[in-house]
Amino acid sequence: MSVLLCGHFSDADQADWLRILGAAAGDEDWITRRDEVDPATVDVAVVANPAPGLLQGLPSLRLIQSLWAGVDRLLADPTLPRGVTITRMVDPAMNQAMAETALWAVLALQRDFFSYARQQRQAHWQQWPQRRAEDWPVLVLGLGEMGRCVANRLAANGYPVSGWSRSGRSAGNAGIECLSGEEALLDALQRARVVVNLLPLTPETAGFFGARRLAAMRRGGHLVNLARGAHLVEAAILAALDSGQLGELVVDTFAIEPLPSGHAFWRHPRISVLPHVAAQTDKRSAAAVVAGNLARLRSGLEPLHQVDRSRGY
């Protein structure tokens with residue numbers, strides 16, 4: 001099969017991807033520039049946020065395999081070929097990395113480590129009461145592969161964990177309460193000390209954390225946003241922080257990236273900014289996922305982790 005590798009890469013990063021993908025799925029004919037081949041010969045596109053229109057005009061295209069877990073930017077391309085199967089990256093190494101980041105953030109909030117970091121900058125010595133994980137309920141929003149991995153890691157570390165999703169799917173752990181529906185969400189927001197957001201970005205979840213849902217949270221509760229920047233209404237977030245309704249924000253993704261140097265999030269004392277590093281794609285494990293789906297396509301089997309365009313993920 002002819003496989004087009006395309007997207008937002010540096011030359012060095014693209015060469016690295018090509019080397020690792022070639023080692024994992026070496027039987028394929030790998031292409032990095034569509035203008036150098038007959039478009040009718042391209043069977044598969046392996047993509048990382050390709051420019052809009054780049055996948056247009058490929059009449060033999062059977063599969064679009066994303067190298068990223070989120071596909072919201074890909075689906076926003078109005079020229080994306082209809083009827084072509086899209087698969088997202090479900091990478092076990094990425095899931096584990098996200099679980100590590102969520103655990104770090106929740107633990108730092110539980111044990112006041114962000115407060116101690118601020119105190120160090122002020123040369124201020126103050127000890128805070130040490131809280132127990134069992135008294136620190138956490139709500140995980142989004143129970144896809146990544147959300148379930150995060151919820152289970154937090155539960156294994158002694159936190160009472162609830163999960164919420166549109167479908168109300170199980171987290172695969174009898175000790176994790178799984179919820180759905182707006183009424184259950186508002187109740188869970190009130191109970192949680194920390195809310196970890198891993199929802200997919202869809203038209204329904206854009207602006208998810210606006211004034212109403214922030215007001216529904218437990219006063220002084222914390223938000224860890226590891227999903228998309230567009231989930232946050234930034235003015236409402238800043239107002240909730242300044243009023244004390246929201247305790248701390250740990251945020252990894254933003255509406256504009258890189259985050260502009262003049263943005264208020266950089267300087268707010270109770271916002272911890274990560275530069276979109278909570279769970280980066282691991283090339284080795286991702287290449288194995290891609291190779292597996294290419295092998296399934298060759299064998300006439302359905303590729304794994306297909307995207308439902310109507311749902312947005």
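**Exercise 1. Trp164, Phe208 and Phe209: work out how the rings are arranged.**

Start with burial: Trp164 and Phe208 are both buried (under 20% relative accessible area with a 1.4 Å probe, protein chains only; exposed is over 50%, partly exposed in between). Before going on, note that this is a predicted model, where local features need pLDDT of at least 70, side-chain atom pairs count only at pLDDT 80 or more, and totals for chains, interfaces and linings use all residues. Residues are numbered from 1 along each chain as its sequence is written, and side-chain values use heavy atoms, with hydrogens and water left out.

Next, the geometry. Rings of Phe, Tyr and Trp (its six-membered ring) pair if their centres lie within 6.5 Å; planes under 30 degrees apart are stacked, over 60 edge-to-face, and the rest tilted. Phe208 and Phe209 have ring centres 5.3 Å apart and planes at 70 degrees, so this pair is edge-to-face. Phe209 is buried, just like Phe208.

Put together, Trp164, Phe208 and Phe209 make up one aromatic cluster. One last piece: the charged end of Arg213 sits over the Phe208 ring, 3.9 Å from its centre (the cut-offs being CZ of Arg or NZ of Lys within 6 Å of the ring centre and within 35 degrees of the ring normal).

**Exercise 2. Asp252: find what surrounds this acid.**

First, place it: Asp252 is in the loop between strand E11 (246–251) and helix H9 (264–267) (DSSP runs numbered from the N terminus, helices being H or I with at least four residues and strands E with at least two).

Second, look for a charge partner. Asp252 is buried but has no salt bridge, and Arg228, the nearest side chain of opposite charge, is 7.1 Å away. A salt bridge here takes a side-chain nitrogen of Lys or Arg within 4 Å of a carboxyl oxygen of Asp or Glu.

Third, check the backbone: the nitrogen of Val277 lies 2.7 Å from a polar side-chain atom of Asp252. Leaving out residues up to four places away in sequence, Asp252 also touches Asn225, Leu226 and Pro275, among others (heavy atoms within 4.5 Å).

**Exercise 3. Arg19: trace its salt bridges.**

The whole structure has 15 salt bridges. In one of them Arg19 pairs with Asp16, with the closest N and O atoms 2.5 Å apart. Both lie in helix H1 (residues 11–24), 3 residues apart, about one turn of the helix. Arg19 is exposed at 56% relative accessible area, while Asp16 is partly exposed at 25%. Zooming out, a salt-bridge network links Asp13, Asp16, Arg19 and Lys283.

Definitions and conventions
Lys and Arg count as positive and Asp and Glu as negative; His and the chain ends are not counted. A polar contact is a pair of N or O atoms within 3.5 Å; within protein, one must be able to donate a hydrogen and the other to accept it, and residues adjacent in sequence count only if both atoms are side-chain atoms.
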